[in-house]
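Colleague: Got a minute to walk me through this one? I'd like to start with the overall picture and then get to the rings.

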Amino acid sequence: LSTPRHYHTATRRADGRVPVAGGLSGPSSGSLASADIYDPFARTFSAAGPMSVARSRHTATLLPSGRVLITGGSVSGFGTTSAELYDPATNTFAPTGSMIRDRVDHTATLLPDGRVLIIGGWSNAVSGITYSIEFYDPASGTFSLGAQHQFLLTNREGHTATLLPNGEVLVTGGLTSGI
């Protein structure tokens, strides 16, 4: 890696290469905008273009197109609604639509229809932990909130979300308000 990192993402692409993006480089450092690409065949890291926003505690989801969706995270200590796409063809990051809610420590799960389900997370001191969900549509580059009946029964951050064979998403663990 070009710099030490924690609270970053690493996403294996279909060709085996792994974009490693953002994070923190030390306990009192700010979030990073830098990214590296790991090549498992050459066993080397090389620099990728910088992210449009320095962030940590975000998500990275491999899309069917081969691009990687980066959502939310901590930016200057607060959650963000920003999102961006890593394009392996150009080795660059570019902004995409903004999420409805700012989120930190949320999950992002690729659904069978190609959309990405974004669940829960951290928001900031004003809005706190959320129970809302939203969807990213890669065809339009936009986010939308789930329908009224589509939300978590309790607000969560630091949880997991796993796509099950029947298309449902299992959400487990995490922290809730008051804990």
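Modeller: Sure, we can go from the fold to the aromatic rings and then to the charges over them. Keep in mind that this is a predicted model.

Colleague: OK, how many helices and strands does the protein have?

Modeller: There are 16 strands and zero helices.

Colleague: And what share of the residues is buried?

Modeller: Of the 179 residues, 45% are buried. As for surface, the protein exposes about 8,800 Å², with 56% of that coming from carbon and sulfur atoms.

Colleague: Switching to rings: how many aromatic pairs are there?

Modeller: The count is three aromatic pairs. One of them joins Tyr-38 and Phe-45, a tilted pair with 4.8 Å centre to centre and 45° between the planes. Another is Tyr-136 with Phe-143, also tilted, at 4.8 Å between centres and 45° between planes.

Colleague: Why does Tyr-136 count as buried or exposed, whichever it is?

Modeller: Tyr-136 counts as buried because its relative accessibility is 0%, and the cut-off for buried is under 20%. Its partner Phe-143 is buried too, at 9%.

Colleague: What about Tyr-38, buried or partly exposed?

Modeller: Partly exposed, because Tyr-38 has 24% relative accessibility. Phe-45 comes out at 39%, so Phe-45 is partly exposed as well.

Colleague: Last topic, charges. Which ring does Arg-115 sit over?

Modeller: The charged end of Arg-115 is over the ring of Phe-135, 4.4 Å from the ring centre. There's also Arg-57, which lies over the face of Tyr-7 at 5.9 Å from the centre of that ring.

Conventions:
Residues are numbered from 1 along each chain as its sequence is written. This is a predicted model: local features need pLDDT of at least 70, side-chain atom pairs count only at pLDDT 80 or more; totals for chains, interfaces and linings use all residues. Side-chain values use heavy atoms; hydrogens and water are left out. Helices (H or I, at least four residues) and strands (E, at least two) are DSSP runs, numbered from the N terminus. Buried means under 20% relative accessible area, exposed over 50%, partly exposed in between (1.4 Å probe, protein chains only). Accessible areas come from the Shrake-Rupley method with a 1.4 Å probe; for residues, only the protein chains shown count as cover. Rings of Phe, Tyr and Trp (its six-membered ring) pair if their centres lie within 6.5 Å; planes under 30 degrees apart count as stacked, over 60 as edge-to-face and the rest as tilted. A charge sits over a ring if NZ of Lys or CZ of Arg is within 6 Å of the ring centre and within 35 degrees of the ring normal.
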